[in-house]
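Welcome! Please look over the sequence and the model below before reading on.

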Amino acid sequence: MINRFKNIPKKVWTAWGLLFLVYMLFIFICSYLYPYGADEYILKQDNIFDALRHYGLSYMTENARIGLIANNIILCLGKWSFLLLNPMMQVLWVLSFFFLIYLRAPDFKTLKDFPAVLLIAVLSVFAVAQPDNTLFWIGGACNYSWSFLPFLWITAWLRLEYKSKGALDLSRKGIFFLFISAFALGMGSENAGPLTMGLTVCFAAAAPFMKIKLKTHFYFISFGLVLGLAALFGAPAMWNRLNSDIFAYFTNSSLQEKLLWHISHIHFYIKAVFMIPALLFLALLICALDKDKPLVFKNENYMLSLIFFLSSWLLAFVLFAVPFITGRCFYTASAAALISLMFMLEYLRETYKFKAVKYASMLALGAALAFTPVFIYPYVHLHKQDVQRLSAIEKAQKQNKKSIFIMPYKYLKGPNANLTIMYYDPVFGFLGYPAYIGMAIQTDESKEISAVYMFSNPNII
């Protein structure tokens, strides 16, 4: 039996080990510090059977996303299950991202891929829209960062189909895995699935002109995506959302009001990704105008960077149809921008012989070390408030009190959209929380306005 780990320098394993250890520990700590919010107290069930039954009811009334199943099961098992799973899922996210860019696994026997993996790891936390809601909140991770994994797998598969000219040989297990992944992608969110369907259709339409003969498995896997999209957009819950008061408020508003909302949306999107979309636009434009280099439209890395750049903006502009959105709605758009960035860095490396990934990873690491104290303090601050509230509730329960006064949490704002926590305080607007703690709640809404209260009352925005 061949020992694949033999004769690997100690410093190599030490570097890789520290990278993944620190990354997983960071994800674990932030996930632990982020307390249960309003949704947790609403969705928490006593057993797995009730959790699945609740999803069936939600599919008919409120939320049809497949990620809700994982969310309900985790809440049923307890937060410990999320604390174990989330670091591993985020590592899988980073490795899947790497595979999409390079169409191979990282070389752990050397450090040649270390800068790329380090850069992706840093970007996956700090440069995706609203990480508190998309990575460390249970419902957010299940519906955003976790559900983005099938997007990475299916787009990587499309790249492999292109590279092999349609001659990609897949085993039955591989075909079945991609079929299930495509279905989960289609049913995972309202943006990544339709985008991937569009990319798939464009690829299939262009295949004859590129002399690519697609095999039967291509259409079978694509059919899985179609089924997932049909299951999501055909759900009664989707139509209930469209008929809700908040969409009626949007429909009855003037075009000027809608445009003003959209400008603020796009501004939030650009800030959430630390101005990367703006920098990408300049890089794509400058490279296209460089007459001393080969035509950029014949370069695969440049074209892929352009495709994901346009996809990112397309996803951001689609949200024009939503009057009031939270930053996490831009998660897929921000992740697509990061994919575009990595392809652009690879284009710079191969075209200008510039170690773009290496220098970008060093810059990202320095920024991450500088941002970490500012990033993690709001989580510590929120956790302390939660501990104090739970302690007060426990004390009141021991004294058989029928009601309790609870102050709303204070949310610390950071210098950037991604360094600011948006927490859904269960105190506001949810009858389930008083029933859960067994006491009526008295509070002073004039002190703080929670995210839930704000977004359920459009007139105060």
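## Helices, cover and a nonpolar patch

Helix α6 is mostly covered: 13 of its 13 residues are buried. Here buried means under 20% relative accessible area, exposed means over 50%, and partly exposed lies in between (1.4 Å probe, protein chains only). Helices (H or I, at least four residues) are DSSP runs, numbered from the N terminus.

This is a predicted model, where local features need pLDDT of at least 70 and side-chain atom pairs count only at pLDDT 80 or more, while totals for chains, interfaces and linings use all residues. Residues are numbered from 1 along each chain as its sequence is written, and side-chain values use heavy atoms, leaving out hydrogens and water.

How far apart are the end C-alpha atoms of α6? They are 18 Å apart, which agrees with the 18 Å expected for 13 residues (114-126) at 1.5 Å a residue; the expected span is 1.5 Å times one less than the number of residues.

Now for two residues and their cover:

| Residue | Relative accessible area |
|---|---|
| L85 | 35%, partly exposed |
| T196 | 0%, buried |

T196 sits in helix α11 (residues 192-206). Apart from neighbours within four places in sequence, T196 is in contact (heavy atoms within 4.5 Å) with F151, I154, L185 and L225.

L85 belongs to helix α5. L85 also helps make a nonpolar surface patch of about 740 Å², together with M24, I48, L52, L77, W80, L84 and M88. Patch residues have over 30% relative accessible area and no salt bridge (a side-chain nitrogen of Lys or Arg within 4 Å of a carboxyl oxygen of Asp or Glu), and nonpolar side chains (Val, Leu, Ile, Met, Phe, Trp, Tyr) are joined within 5 Å. The largest share of this patch, four residues, comes from α5.

How values were computed:
Patches are made of residues with over 30% relative accessible area and no salt bridge: like charges are joined within 9 Å, nonpolar side chains (Val, Leu, Ile, Met, Phe, Trp, Tyr) within 5 Å. Accessible areas come from the Shrake-Rupley method with a 1.4 Å probe; for residues, only the protein chains shown count as cover. Helices (H or I, at least four residues) and strands (E, at least two) are DSSP runs, numbered from the N terminus.
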